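Q: Could you take me through this structure feature by feature, giving the general idea each time and then the case at hand?

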Amino acid sequence: MLLLQQLKNDQQAVIAALAKRNLEAAPLIEEVLALDERRRALQTELDQNSARANQLAKSIGQLFQSGKAQEAEALKSETAQLKDLNKQIQQEMDACAQSLQEKLYLLPNTPHHSVPHGKSAEDNETVFEAGRIPSLHQDAMPHWDLAKKYDLIDFELGVKIAGAGFPVYKGKGARLQRALIQFFLDFNTEAGYTEIQPPHLVNEASGYGTGQLPDKEGQMYHVGVDDLYLIPTAEVPVTNLFRDVLLAQNQLPVAYTAYTPCFRREAGSYGAHVRGLNRLHQFDKVEIVRVEHPERSYQALEEMVDHVKKILDALQLPYRILRLCGGDMGFTSALTYDFELYSTAQERWLEISSVSNFETFQANRLKLRFKDEAGKNQLCHTLNGSALALPRVLAGILENYQTPEGIRVPDVLVPYTGFDLIS
RNA sequence: AGAGAGGUGGCCGAGUGGUCGAAGGCGCACGCCUGGAAAGUGUGUAUACACCAAAAGUGUAUCGAGGGUUCGAAUCCCUUCCUCUCUGCCA
């Protein structure tokens, strides 16, 4: 959620920034400001009336105590009037505040100045490429065929148990996936991230805290009986650990890592590009989350990008880094770098990580603040990134590491898998 | 799931109708004391919103949340959420 203060002070700058998202925000911002003005006027009126009523109550009490019951009775009628009036004012003010809130929820985060202009994924800017794209043997296959050949993943069985997009991992496939999770967690922990095991279901307030609600209501699985949501990413429970939190400055920065399964309904996505592991309803992911001092958040973002690079270097996979353009960026982000892994057998890039700085956008909703040197409460900056999302990394390894003799296991994973070849 | 107890400031904890944004303690900050530290001692120490150009200041709201009774509610009533104890169930 954008800061009202920011809208008031830099209205034009906000409109210009949001234009990068191809959004004409001026009319909405006008509405927001008008509502705010009305709300403030009502607040002032309400406060004055309440002050008067408090005064009267005090006088009435004193009059009763000194036995002047008649005078006291006379004052009561005014307080009754004030009370009725205030009820109306309060109602209108609440309506204003709610409407204001709803409109603020509609405004996405303002893109960082380095975000390129653009409408779609085609306009993203490639900022880095690394790794060697292997030349595969003639009978090389996409991962879904490899998975079948070596009995690593059974998609049909998953359909029977739950539905499409819920794969069943078997034998060395399951083991390889677990090895990756373990490797990622160890790698993150060694870099200073504290491991967290959060709940996999969250309440509504948490959904609002990180911005999934109300924006992406339909994308989360909802457990109706208990009114809980299955997490679409560990970002939700981990970032919400800091909802309504006031940190001391020396508690910053916070760096957490968490492995969780992720659940996404992904309604309406079908076809060739969602085959195999490319797009799932349930998948595993290891996430990194940071809470930073505003002045350090962009440095932190670079550190996170660097960290993810190291993971991919260690796995010796070919990848590139994109700076997302305004049209392709997520609702809550100010700047996002996507990592894409080259899938040699599919001859396409697969997104495996998204690293973002949300600045104060989430912190504002979360009420996540710290006390600065002057003793003032300031909003923190929040960041997160995948390190990494499992299925596509698994797909990339299966495809890029295949040989006529079988699938080799990346060296760094062998201690975790206990085998170096899938055959 | 049933029965009972309870939710008060950063933490602990007092407070059953007005003088309560709230005693006392701990913690924290600054000062005094000290060669230095501890102890001692003094002062300060919630959040949000509104008014004000701003600071100072003033007002309003907040004792889990929402509603009600009352001139006046942390305190009484209702609803709801949560926590704890016992019983039941259970990995």
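**A histidine in a loop**

A: The side chain of His112 makes a polar contact, at 2.8 Å, with the side chain of Ser114. This is a predicted model, and the values that follow should be read in that light.

Q: Where is His112 found, and is His112 buried or exposed?
A: His112 is found in the loop between H4 and strand E1 (125-130). A residue is called buried when its relative accessible area is under 20%, and His112 is therefore counted as buried, since its value is 15%. When neighbours within four places in sequence are left aside, His112 is in contact with Lys20, Tyr298, Ala334, Leu335 and Glu359.

Q: How should I read the surface near RNA strand B, and which residues come nearest?
A: One begins with the residues around the strand and then turns to individual atoms. There are 18 residues around RNA strand B, of which Arg39, Gln43, Thr44, Asp47 and Lys371 come nearest. By class, the residues of this surface divide into eight charged, seven polar and three nonpolar.

Q: Which parts of RNA strand B do the polar side-chain atoms of Gln43, Thr44 and Asp47 approach?
A: An N or O atom in the side chain of Gln43 is 2.6 Å from a sugar or linking oxygen of RNA strand B, and for Thr44 the corresponding distance, again to a sugar or linking oxygen, is 2.5 Å. Asp47, by contrast, has a polar side-chain atom that lies 2.7 Å from a base nitrogen of the strand. The elements that give two or more residues to this surface are helix H3 (26-65), helix H4 (69-106) and strand E14 (368-371), and H3 gives the most, with 11 residues. Of the atoms of RNA strand B within 4 Å of the protein, 75% belong to sugar or phosphate, while the rest belong to bases.

Q: How is a nonpolar core read, and which members of the largest one touch the most other members?
A: The idea is to follow side-chain contacts among buried nonpolar residues. The largest core has 56 residues, and those touching the most other members are Leu180, Phe184, Leu315, Phe339 and Val393. Helix H10 (residues 297-315) supplies the largest share of this core, eight residues. Leu315, leaving aside its neighbours within four places in sequence, is in contact with Leu180, Phe183, Phe184, Val393, Tyr401, Pro410, Val412 and Leu413. Apart from this core lies another, of 25 residues, including Ile15, Ile29, Met93 and Leu104.

Q: What is a disulfide, and how many disulfides are counted here?
A: A disulfide is a covalent bond between the sulfur atoms of two cysteines. With a cut-off of 2.5 Å between the sulfur atoms, the count comes to zero disulfides. Cys325 is buried, with a relative accessible area of 0%, and Cys380 is likewise buried, with a value of 0%.

Q: Which backbone features deserve a careful look?
A: One can inspect omega for cis peptide bonds, and phi for positive values. The peptide bond from Leu252 to Pro253 is cis, with omega near -5 degrees, and Pro253 has its place in the loop between strand E8 (245-248) and strand E9 (254-263). The bond from Ala387 to Leu388 is also cis, with omega near 0 degrees, and Leu388 is in strand E16 (residues 381-389).

Q: Where is Asp151 found, and what is the sign of its phi?
A: Asp151 is found in the loop between helix H5 (143-149) and strand E2 (153-154), and has a positive phi of about 55 degrees although it is not a glycine. Asp151 is partly exposed, with a relative accessible area of 42%.

Definitions and conventions. Residues numbered from 1 in each chain as written. Chains lettered and ligands numbered in written order. Predicted model: local features only at pLDDT ≥ 70, side-chain atom pairs only at ≥ 80, totals over all residues. Heavy atoms only, no water. Near = heavy atom within 4 Å. Polar contact = N/O pair within 3.5 Å; in protein donor to acceptor, adjacent residues only side chain to side chain. Helix = DSSP H or I, 4+ residues; strand = E, 2+ residues; numbered from the N terminus. Nonpolar A, V, L, I, M, F, W, Y, C, P; charged D, E, K, R; others polar. Core = buried A, V, L, I, M, F, W, Y, C linked by side-chain atoms within 4.5 Å. Buried < 20%, exposed > 50% of the residue type's maximum accessible area, 1.4 Å probe, protein only. Contact = heavy atoms within 4.5 Å.
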